[in-house]
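Let's take a walk through this chain together, from its overall layout down to a few individual residues. Please keep the viewer open as you read.

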Amino acid sequence: NLDVIDTIKPNIFINDIRLNYLNVPSWDLKNGSTQNILGFDKPVFFYNQNHLTFDYKAITSVSPKNIRYSFKIEPIDVKWNPKTKQRFSTYSNLSPGSYTFKVKAENIDKTESEIVSYSFQIAKPWWDEYWFYLIEVSAGLLLIFGFISLVLIEKFVDLTLSITFLVLKFINVFNGLTFVIILIFLIFLFS
(Lines give C-alpha, C1' and ligand atoms only; values in the text may rest on other atoms or scores of the structure.)
Protein backbone atom coordinates (compact mmCIF):
# COMPACT_ATOMS: atom_id res chain seq x y z
CA ASN A 1 0.00 0.00 0.00
CA LEU A 2 1.65 3.27 -1.15
CA ASP A 3 -0.43 5.51 1.14
CA VAL A 4 1.15 4.15 4.33
CA ILE A 5 3.57 6.58 5.97
CA ASP A 6 6.89 5.09 7.00
CA THR A 7 7.27 6.04 10.67
CA ILE A 8 10.20 3.72 11.30
CA LYS A 9 13.30 5.77 11.86
CA PRO A 10 16.15 5.12 9.45
CA ASN A 11 19.07 3.29 11.00
CA ILE A 12 22.09 5.56 10.45
CA PHE A 13 25.77 4.94 11.11
CA ILE A 14 29.15 6.40 10.25
CA ASN A 15 30.93 3.77 8.21
CA ASP A 16 34.35 5.36 7.60
CA ILE A 17 36.57 8.39 8.08
CA ARG A 18 38.98 9.34 5.32
CA LEU A 19 42.07 11.54 5.44
CA ASN A 20 42.61 13.89 2.50
CA TYR A 21 39.85 12.00 0.64
CA LEU A 22 41.78 8.72 0.95
CA ASN A 23 40.94 5.59 2.92
CA VAL A 24 43.41 4.95 5.72
CA PRO A 25 43.93 1.27 6.60
CA SER A 26 46.00 2.05 9.70
CA TRP A 27 45.84 5.31 11.61
CA ASP A 28 48.82 6.71 13.52
CA LEU A 29 47.35 9.16 16.01
CA LYS A 30 48.86 11.36 18.68
CA ASN A 31 47.40 9.06 21.35
CA GLY A 32 47.99 5.69 19.70
CA SER A 33 47.51 3.62 16.54
CA THR A 34 44.49 1.79 15.25
CA GLN A 35 43.08 0.02 12.24
CA ASN A 36 39.54 0.81 13.38
CA ILE A 37 39.29 4.59 13.68
CA LEU A 38 35.56 4.44 14.44
CA GLY A 39 36.16 2.10 17.39
CA PHE A 40 39.07 4.10 18.80
CA ASP A 41 38.12 5.88 22.04
CA LYS A 42 38.78 9.64 22.07
CA PRO A 43 41.12 9.86 19.06
CA VAL A 44 43.57 12.76 18.92
CA PHE A 45 44.63 13.42 15.36
CA PHE A 46 47.96 15.10 14.62
CA TYR A 47 47.77 18.75 13.52
CA ASN A 48 48.36 17.76 9.87
CA GLN A 49 45.56 15.16 9.96
CA ASN A 50 43.02 17.97 9.78
CA HIS A 51 41.32 17.25 6.44
CA LEU A 52 38.69 14.65 7.30
CA THR A 53 35.85 13.14 5.29
CA PHE A 54 33.06 11.36 7.17
CA ASP A 55 31.22 8.62 5.25
CA TYR A 56 27.80 7.65 6.57
CA LYS A 57 24.87 5.56 5.51
CA ALA A 58 21.29 5.00 6.59
CA ILE A 59 19.19 1.93 6.13
CA THR A 60 15.44 2.01 5.68
CA SER A 61 12.94 -0.41 4.24
CA VAL A 62 10.99 2.11 2.16
CA SER A 63 12.64 3.95 -0.72
CA PRO A 64 16.29 3.78 0.46
CA LYS A 65 17.44 5.90 -2.49
CA ASN A 66 15.41 8.85 -1.20
CA ILE A 67 17.11 9.14 2.18
CA ARG A 68 18.36 12.64 2.86
CA TYR A 69 21.13 13.49 5.30
CA SER A 70 21.91 16.51 7.41
CA PHE A 71 25.15 16.98 9.30
CA LYS A 72 27.20 19.43 11.32
CA ILE A 73 30.46 19.59 13.19
CA GLU A 74 30.48 21.31 16.54
CA PRO A 75 31.67 23.90 17.46
CA ILE A 76 32.10 25.14 13.86
CA ASP A 77 28.55 24.64 12.59
CA VAL A 78 25.82 26.23 14.66
CA LYS A 79 22.99 24.97 12.44
CA TRP A 80 22.51 21.70 10.62
CA ASN A 81 23.60 21.75 6.99
CA PRO A 82 20.78 21.57 4.44
CA LYS A 83 19.48 18.08 3.72
CA THR A 84 21.19 16.28 0.88
CA LYS A 85 21.43 12.81 -0.65
CA GLN A 86 25.21 13.02 -0.43
CA ARG A 87 26.56 10.33 1.91
CA PHE A 88 29.75 12.04 2.99
CA SER A 89 30.89 15.38 4.30
CA THR A 90 34.38 16.83 4.23
CA TYR A 91 35.97 19.26 6.64
CA SER A 92 39.32 20.68 5.64
CA ASN A 93 41.89 22.68 7.55
CA LEU A 94 40.40 21.99 10.97
CA SER A 95 42.15 24.06 13.63
CA PRO A 96 43.48 22.41 16.79
CA GLY A 97 40.69 21.73 19.24
CA SER A 98 37.86 19.39 20.21
CA TYR A 99 35.11 18.52 17.73
CA THR A 100 31.96 16.45 17.49
CA PHE A 101 30.67 15.42 14.08
CA LYS A 102 26.91 14.76 14.02
CA VAL A 103 24.75 13.30 11.28
CA LYS A 104 21.09 12.38 10.97
CA ALA A 105 18.93 10.92 8.20
CA GLU A 106 15.39 11.44 7.05
CA ASN A 107 13.33 8.96 5.05
CA ILE A 108 10.96 9.85 2.21
CA ASP A 109 8.14 10.44 4.72
CA LYS A 110 10.25 12.91 6.75
CA THR A 111 10.80 10.52 9.66
CA GLU A 112 14.17 11.44 11.19
CA SER A 113 16.73 9.01 12.53
CA GLU A 114 18.54 9.27 15.81
CA ILE A 115 21.58 11.55 15.72
CA VAL A 116 24.88 9.69 15.41
CA SER A 117 27.95 11.50 16.65
CA TYR A 118 31.72 11.07 16.61
CA SER A 119 33.97 13.08 18.94
CA PHE A 120 37.65 13.69 18.33
CA GLN A 121 40.45 16.20 18.77
CA ILE A 122 42.99 17.83 16.49
CA ALA A 123 46.28 18.32 18.35
CA LYS A 124 48.31 21.50 18.28
CA PRO A 125 51.46 21.48 16.16
CA TRP A 126 54.64 21.03 18.16
CA TRP A 127 55.64 24.66 17.64
CA ASP A 128 52.39 25.76 19.28
CA GLU A 129 52.81 23.67 22.45
CA TYR A 130 53.59 25.28 25.81
CA TRP A 131 56.91 23.43 26.13
CA PHE A 132 58.10 24.92 22.82
CA TYR A 133 57.24 28.43 24.04
CA LEU A 134 59.19 27.66 27.21
CA ILE A 135 62.21 26.61 25.13
CA GLU A 136 61.91 29.78 23.00
CA VAL A 137 61.74 32.04 26.08
CA SER A 138 64.64 30.18 27.72
CA ALA A 139 66.76 30.49 24.57
CA GLY A 140 65.92 34.19 24.31
CA LEU A 141 66.86 34.78 27.95
CA LEU A 142 70.13 32.87 27.45
CA LEU A 143 70.96 35.01 24.41
CA ILE A 144 70.23 38.21 26.33
CA PHE A 145 72.26 36.99 29.32
CA GLY A 146 75.12 35.96 27.02
CA PHE A 147 75.12 39.34 25.27
CA ILE A 148 75.07 41.24 28.56
CA SER A 149 77.85 38.99 29.90
CA LEU A 150 80.01 39.66 26.83
CA VAL A 151 79.48 43.42 27.14
CA LEU A 152 80.30 43.33 30.86
CA ILE A 153 83.41 41.19 30.25
CA GLU A 154 84.53 43.62 27.55
CA LYS A 155 84.04 46.57 29.94
CA PHE A 156 85.86 44.69 32.70
CA VAL A 157 88.78 43.91 30.39
CA ASP A 158 88.92 47.57 29.30
CA LEU A 159 88.87 48.72 32.95
CA THR A 160 91.53 46.17 33.91
CA LEU A 161 93.76 47.31 31.05
CA SER A 162 93.28 50.96 32.05
CA ILE A 163 94.17 50.24 35.68
CA THR A 164 97.19 48.18 34.61
CA PHE A 165 98.37 51.01 32.37
CA LEU A 166 98.00 53.52 35.23
CA VAL A 167 99.89 51.23 37.62
CA LEU A 168 102.68 50.79 35.08
CA LYS A 169 102.83 54.56 34.58
CA PHE A 170 102.98 55.06 38.32
CA ILE A 171 105.75 52.46 38.62
CA ASN A 172 107.59 54.16 35.78
CA VAL A 173 107.22 57.56 37.50
CA PHE A 174 108.17 56.01 40.84
CA ASN A 175 111.26 54.41 39.29
CA GLY A 176 112.19 57.80 37.84
CA LEU A 177 111.72 59.46 41.24
CA THR A 178 113.70 56.75 42.92
CA PHE A 179 116.57 57.33 40.52
CA VAL A 180 116.43 61.10 41.18
CA ILE A 181 116.34 60.54 44.95
CA ILE A 182 119.27 58.13 44.79
CA LEU A 183 121.19 60.57 42.62
CA ILE A 184 120.52 63.43 45.06
CA PHE A 185 121.48 61.18 47.93
CA LEU A 186 124.74 60.21 46.21
CA ILE A 187 125.51 63.81 45.35
CA PHE A 188 124.82 64.81 48.93
CA LEU A 189 126.85 61.90 50.26
CA PHE A 190 129.92 62.66 48.19
CA SER A 191 129.91 66.36 48.56
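In what order do the elements of the protein chain run from the N terminus on? In this predicted model, the order is β-β-β-β-β-β-β-β-β-α. That makes 9 strands and 1 helix. The radius of gyration of the protein chain is 40 Å, whereas the globule rule gives 16 Å for 191 residues, so the chain is more spread out than a compact globule. You can see this in the C-alpha trace too, which spans about 155 × 30 × 20 Å along its principal axes.

Some totals for the protein chain help to set the scene. Of its 191 residues, 28% count as buried. The accessible surface comes to about 13600 Å², and carbon and sulfur atoms hold 66% of that area. On the charge side, there are 18 positive and 17 negative side chains, and the centres of these two sets are 4 Å apart. Among contacts with a separation of 6 or more, 60% are between residues 24 or more positions apart.

Now turn to the strands. Four of them form an open sheet with the order 4-9-8-6 and mixed pairing. Its edges are strand 4 (44-45) and strand 6 (68-74), each of which pairs on one side only. Within this sheet, look at strand 8 (residues 97-106) and strand 9 (residues 116-122), which are antiparallel and share 7 bridges. For a concrete pair, find Y99 and its bridge partner F120 in strand 9.

Strand 5 (52-59) is a good next stop. Is this strand mostly covered or mostly open? Strand 5 is mostly covered, as 6 of its 8 residues are buried. It has an antiparallel partner in strand 1 (residues 11-19), with 8 bridges between the two, and another in strand 7 (residues 88-91), with 4 bridges. F54 ties these pairings together: F54 is the bridge partner of I17, and F54 also stands opposite S89 in strand 7. As a general reminder, side chains in a regular strand alternate between the two faces of the sheet.

Just past strand 5 comes T60, in the loop that leads to strand 6. Why does T60 count as buried? Its relative accessibility is 13%, and the cut-off for buried is under 20%. Leaving aside residues up to four places away in sequence, T60 touches D6, P10, I67 and N107.

For a contrast, move to helix 1 (residues 130-189), where L152 has its place. L152 is exposed, because its relative accessible area is 55% and exposed means over 50%. From L152 to Q35 the C-alpha to C-alpha distance is 60 Å, with their positions 117 residues apart in sequence.

Finally, a few backbone details are worth checking in your torsion plots. Most residues other than glycine have a negative phi, and most peptide bonds are trans. In the loop between strand 1 and strand 2 (27-29), N20 has a positive phi of about 55° although it is not a glycine. N20 is partly exposed, at 41% relative accessible area. Y21 is found in that loop as well, and its phi is also positive, near 70°. The peptide bond from E74 to P75 is cis, with omega near 10°, and P75 lies in the loop between strand 6 and strand 7.

Conventions. Residues numbered from 1 in each chain as written. Predicted model: local features only at pLDDT ≥ 70, side-chain atom pairs only at ≥ 80, totals over all residues. Heavy atoms only, no water. Rg over C-alpha atoms; globule rule 2.2 N^0.38 Å. Buried < 20%, exposed > 50% of the residue type's maximum accessible area, 1.4 Å probe, protein only. Contact = heavy atoms within 4.5 Å. Areas by Shrake-Rupley, 256 points an atom, 1.4 Å probe, with all protein chains shown as cover. Lys, Arg positive; Asp, Glu negative; His and termini not counted. Charge placed at Lys NZ, Arg CZ, Asp CG, Glu CD. Pairing = 2+ DSSP bridges.
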